[in-house]
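Me: I should like to learn how to read local and global features from a structure. May we work through one case together?

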Amino acid sequence: MHRSLFVLSGVNPLRGYGPVIYLADALVAAGIDVELFAPVPRRMMKEFEGHRFRVHSYFMDWYGSIPRLRLYLFGLYLLYRGSRERPAILCSDIHFFREAVFLRRRFPEIPLIHFCEELFLPEEKKLFPMIRHISFYERNANAPDLVVDVEPHRAAIRKARYGLTSDVVVLQNTIPRSEMPIPDRSGSLSRLAGGSIPPDRPVLVYTGGVHSKESFLTIISALSELKPPVFFLGFCHGHASHVRWLKELVQSRLGPERGRICPAVQRNALLSCLGEANAGLVYYPYSVHPTQNQLYCSPTKAMEYLACGLPVVGSANPSLIGLLEAQGRGVCTRDDSAAALRDAIITVLNMSRTEPSLGERLRKDFRDNLCFEVQSTKAMGRILEILKEARPIG
């Protein structure tokens, strides 16, 4: 059995792709020696305290401040370590997929698992200009022993589009029960936001990236039309200029009494006080970014809201409709207009008013049905089978 596993991520899992961390923790608990390779800024490395796997960030190396050079040299470093140690490999998305496949071809005894947190299609490449090596992925999609996707529709599309003969299992983006927050003392949300929140207004919270200006123009338009007003509180990551643009937009359109944009904060600090909000927002309009990846979104933040007992306002995506509406976890918009979003916000806020125990119900539902321990059962079982069945190296 392979007892050593390299987890390769091209994205900082502390701010996105969080399930990589939970999967690494679960594998360590199963007796696997896990090392995570990811682009983690030096100031954030302390957030890994409490996790039982080692972390190697190429931002910590001398070449970490030189974008192209760090990718090239870090790729060489992975090939060097992989060739010497021949660990099992779990590759997150396609950032280091080329290096992972090279090692698998060179050493066939190396187990390779592909954790697909995005769905990239060659015909949609113009909408994903940041993604390299999509043609290489198309040619080598069947190299892994196992493909783990994060959404059932995406898994079906991937299997058909790339002709996958490898096993495909689904592990939705979520968090473990251990990450379910213990509520902080009253007023913690205001303190985290850096200022008081009007006590007479419901709070709609958004925790995520600033990727599409058009989407946020719709969000702010919907909020500006709400009467009585709602306080919009965002904890946002992304390019500094995009976050600054959103902050200025909120201040100019809503004003300080109706909205505030704050920088992203450590996940456990945020989750501990989200329960003081009234609802969470997840907004991925297909009309703005018409890709299959967007249409069948699988946002971890929706699960985080539910774990904190918040009902969710979602956009009109089939994956969100299936997650939220059938089980009374929230409401999705009827289309991608500002009017439809405004109506969905009103409906969700009314849920909180008419069901006093809503938060308790949502937290129990998350614990019983949506947490990582429940969602990861099949994926974890197959990964451990593959590691167990692998030919020993020696």
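Reply: Certainly. This is a predicted model. Let us start with a single residue: Arg86 has a relative accessibility of 29% and therefore counts as partly exposed, since that class lies between under 20% for buried and over 50% for exposed.

Me: Where is Arg86 found, and what is its phi?

Reply: Most residues other than glycine have a negative phi. Arg86 has a positive value, near 50 degrees. The residue sits in the loop between helix 2 (67-85) and strand 4 (88-92).

Me: Is Asp93 buried or exposed, and what is its phi?

Reply: Asp93 counts as buried because its relative accessibility is 1%. Its phi is near 60 degrees, a positive value in a residue other than glycine. Asp93 belongs to the loop between strand 4 and helix 3 (97-106).

Me: Which peptide bond is cis?

Reply: As a general idea, most peptide bonds are trans. Here the bond from Lys227 to Pro228 is cis, with omega near -5 degrees. Pro228 lies in the loop between helix 7 and strand 9.

Me: How does one check the length of helix 7?

Reply: The expected span is 1.5 Å times one less than the number of residues. Helix 7 has 12 residues (213-224), so it should span 16 Å, and its end C-alpha atoms are indeed 16 Å apart.

Me: Which residues of helix 7 are buried, and what covers them?

Reply: The buried residues are Ser215, Phe216, Thr218, Ile219, Ile220, Ala222 and Leu223. Their cover includes three strands, namely strand 8 (203-209), strand 9 (231-237) and strand 11 (279-282), together with helix 8 (240-253) and helix 13 (338-354).

Me: What does Ser224 in helix 7 touch?

Reply: Beyond neighbours within four places in sequence, Ser224 is in contact with Arg253, Leu254 and Arg258. At 26% relative accessibility, Ser224 counts as partly exposed. Its C-alpha atom is 47 Å from that of Glu35, and the two residues are 189 apart in sequence.

Me: How far apart in space are Gly309 and Leu362?

Reply: Distance along the chain and distance in space should be read separately. Gly309 and Leu362 are 53 residues apart in sequence, with their C-alpha atoms 5.0 Å apart. Leaving out residues up to four places away, Gly309 touches Gly359, Leu362 and Arg363. Gly309 lies in the loop between helix 11 (300-307) and strand 12 (312-314), and a relative accessibility of 9% makes it buried.

Me: What can be said of Arg191 in helix 6?

Reply: Arg191 is in helix 6 (residues 188-193) and is partly exposed, with a relative accessible area of 44%. Its C-alpha atom and that of Cys273, 82 residues apart along the chain, are separated by 9.6 Å.

Me: How many helices and strands does the protein have, and how compact is it?

Reply: The protein has 16 helices and 13 strands. Its radius of gyration is 21 Å, close to the 21 Å given by the globule rule for 394 residues, so the protein is as compact as a globular protein of that length. Along the principal axes, the C-alpha trace spans about 70 × 45 × 40 Å.

Me: What share of the residues is buried, and what share of the contacts joins residues at least 24 apart?

Reply: Buried residues make up 56% of the 394. Among contacts between residues at least 6 apart in sequence, 69% join residues at least 24 apart.

Technical notes: Residues are numbered from 1 along each chain as its sequence is written. This is a predicted model: local features need pLDDT of at least 70, side-chain atom pairs count only at pLDDT 80 or more; totals for chains, interfaces and linings use all residues. Side-chain values use heavy atoms; hydrogens and water are left out. Helices (H or I, at least four residues) and strands (E, at least two) are DSSP runs, numbered from the N terminus. The radius of gyration is taken over C-alpha atoms; the globule rule is 2.2 Å times the number of residues to the power 0.38. Buried means under 20% relative accessible area, exposed over 50%, partly exposed in between (1.4 Å probe, protein chains only). Contact means heavy atoms within 4.5 Å.
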